[in-house]
Amino acid sequence: MQNRFPIFKKHPALVYLDNAATTQRPDLVIESLDNFNRSENANSHRGIYSLSNKATQQFENSRTSTAKFLNTDKENIAFTTGTTESINFVANGFLKSRLKDDENVVSTILEHHSNFVPWQMCCQQVGAEFRLIDSDAQQPLNASLVINSLDSKTRMIAIQHISNTLGTVNEISEIIEAARSRNIPILIDAAQSAALYQLDVNELDCDFLVFSAHKAFGPFGVGILYAHDRVKDDIQPTNYGGGMVKEVSTKETSFKSFPYSLDAGTSNVAGIIGWSSAIKFLNALDKDSERKKIKTLTDYTITEFSKINDLEVIGNPQAGIISFTVKDIHPHDIATELNEDNIAVRAGMHCTQPLMDRLKLNGTTRVSFSIYNTKEDVDKLLGSLQTAIKFLR
Amino acid sequence: MNKNKFTELYHNRIVPIGKNPVNFMKAESAGHNISAINPLCGDKFQLALNFQNNKALDCSFYGFGCILSKASTSILLKEIEGKSVDQIHSLCKNFLDGLKNPTKHEQSNSDIDLLLSLIPLDGRIDCIKLSWENLYEYLSTTIVH
């Protein structure tokens, strides 16, 4: 698989274990970006000339591909700059105007800051309650805790599918079902699952689902916001500009409908077209088999980690993301030592400070796998890690 | 940073300082308590400064941090001992300027030069500047006007 990813030709010794932060890009995505920039560059949806028309067609084809990828219609797919912007559009454009001070938003202690702070701010600005479901990190999120916390004043639920820190896979279907039966809008943060999990929004029946292209082999700067028919026309624009208007006069402005209502200013045309090549790549993968391979690597790593003194794996990782601590050694110091052996890992809070506080941790070292990682990668990690621990003691 | 430089500067010089930092202890009481926190990596130091006749003495720090941030804070505390508030303020400013623009920094002190030589260390500049930046901000806002 590594031969599909040019970065490993340039850096043959690289052991890339920071896939929860961003995945590497396969050849066809890089070629698509390069081809657009070299041979097809023009602004989409604007020009009355062939290049612009072609850019528009490819842009809209990417929207159609994304819709098929999620089993929905293109009218339900907006392109944003990433997961964070997608969530902010929902928090500020959908929720804020309907949230009252005696109501609440339900989320969890596990969330990435991008699925935490927008709701927290929204609640603070309105005076509403930001209701957080606790987790001890040992198991996936307890769905019944979430469901039992819902009441007649709950106006929104925002839950991640897979924890970017713990690698646990949350039971979102049960929570979505409970939300639907109570008519509470629910957003699923699929940043860590979009690449290798089948996300059928029709079957899931969530109201919103968001993720970033760059964590699913696509380019940086492209985000996806899926909105169900029942909510999509209730997302008001929060950014204003050129592309999203229907009519502008000196007295008032009217806007296009979703998803075009969110396209204020020029989009990342090359990136969105490049993302459609990532979808082709993803569609050609046997996702079940890739997930099994990653689970095998995860289990092997955890087994080997258990043999290292003073190393503690945080929680019960399932999905190729393993956070760990080593007694009296700072995660940054471990990451620096591993870097000297060309092993790329993440160290710190992983944008989950409330979770770290809850677990009384000052940070962790995190390894996260993807389809190109091998047992040899893990063996190099284990060797380097043991040398690092010995040196840093 | 190449392997030889990494070994020479980081492994051989910084790591020993970081493992045994100067005045790393919890202060019972201090004239000035300064928090140095990096929420991204979890580093949390409490710097305790005392002044007598406008000279810093018995300065210490305590908390959680990586080897590099500990070493950098240790070097900072050693440097400020006996200096006036204004001198410390200038020292921090010059150091932080040096981190931003190392070519303009006048080489004057081996430990400070050592820290500046670690700028190429991947992703660790925040570890180097954490305590310097927080002390500079504290002095700028509370003492030096």
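How many residues of chain A are in contact with chain B, and how many of chain B with chain A? The legends below start there and then move through each chain of this predicted model.

**View 1. Where chain A meets chain B in the predicted model.** Here 13 residues of chain A are in contact with 13 residues of chain B. On the chain A side, the elements that put in two or more residues are helix H12 (331-340), strand S14 (346-348) and helix H13 (353-358). H12(A) gives the largest share, with five residues. As for chemistry, the side of chain A that touches chain B has eight polar residues, three nonpolar ones and two charged ones.

**View 2. Chain A as a whole.** If you trace the backbone of chain A, you'll pass through 14 helices and 15 strands. Along its principal axes, the C-alpha trace spans about 70 × 55 × 35 Å. A compact globule with 393 residues would have a radius of gyration near 21 Å, and the 22 Å of chain A agrees with that. Of those 393 residues, 50% count as buried. Take the contacts in chain A between residues at least 6 apart in sequence: 70% of them join residues at least 24 apart.

**View 3. Helices H2 and H10 of chain A, packed together.** H2 covers residues 27-40 of chain A and H10 covers residues 269-283 of chain A; their axes are 8 Å apart and make an angle of about 150°. Angles over 145 degrees count as roughly antiparallel, so H2(A) is roughly antiparallel to H10(A). The crossing of H2(A) past H10(A) is right-handed. From H2(A), the contact is made by A:Leu28, A:Val29, A:Ser32, A:Leu33, A:Phe36 and A:Asn37. From H10(A), look for A:Ala270, A:Ile273, A:Gly274, A:Ser277, A:Ala278, A:Lys280 and A:Phe281. Sorted by class, the residues of this contact between H2(A) and H10(A) are eight nonpolar, four polar and one charged.

**View 4. Helices H4 and H5 of chain A, another packed pair.** This time the helices are H4 (residues 83-95) and H5 (residues 117-126), both of chain A, with axes 9 Å apart and an angle of about 20°. That angle makes H4(A) and H5(A) roughly parallel to each other. H4(A) passes H5(A) in a right-handed crossing. On H4(A), the residues to find are A:Ile87, A:Asn88, A:Ala91, A:Asn92 and A:Leu95. They meet A:Pro118, A:Trp119 and A:Cys122 of H5(A). The contact of H4(A) with H5(A) has six nonpolar and two polar residues, with no charged ones.

**View 5. Chain B, from fold to packing.** Chain B is built from five helices and three strands. Reading from the N terminus, its elements run α-β-β-β-α-α-α-α. The C-alpha trace of chain B spans about 45 × 30 × 25 Å along its principal axes. With 145 residues, a compact globule would have a radius of gyration near 15 Å, and chain B agrees at 15 Å. Buried residues make up 35% of the 145 residues in chain B. Of the contacts in chain B with a separation of 6 or more, 63% come from residues 24 or more positions apart.

Technical notes:
Residues are numbered from 1 along each chain as its sequence is written. Chains are lettered from A and ligands numbered from 1 in the order in which they are written. This is a predicted model: local features need pLDDT of at least 70, side-chain atom pairs count only at pLDDT 80 or more; totals for chains, interfaces and linings use all residues. Axes are lines fitted to C-alpha atoms, for helices over the stretch in contact, and angles run from 0 to 180 degrees between N-to-C directions. Helices (H or I, at least four residues) and strands (E, at least two) are DSSP runs, numbered from the N terminus. Angles under 35 degrees count as roughly parallel, over 145 as roughly antiparallel, 65 to 115 as roughly perpendicular and the rest as oblique. A crossing is left-handed if the near helix is turned anticlockwise from the far one by less than a right angle, and right-handed if clockwise. Two residues are in contact if their C-beta atoms, placed from the backbone, lie within 7 Å. Ala, Val, Leu, Ile, Met, Phe, Trp, Tyr, Cys and Pro count as nonpolar, Asp, Glu, Lys and Arg as charged, and the others, Gly among them, as polar. The radius of gyration is taken over C-alpha atoms; the globule rule is 2.2 Å times the number of residues to the power 0.38. A residue is buried if 20 or more other C-beta atoms lie within 10 Å of its own, exposed if 12 or fewer, and partly exposed in between; C-beta atoms are placed from the backbone.
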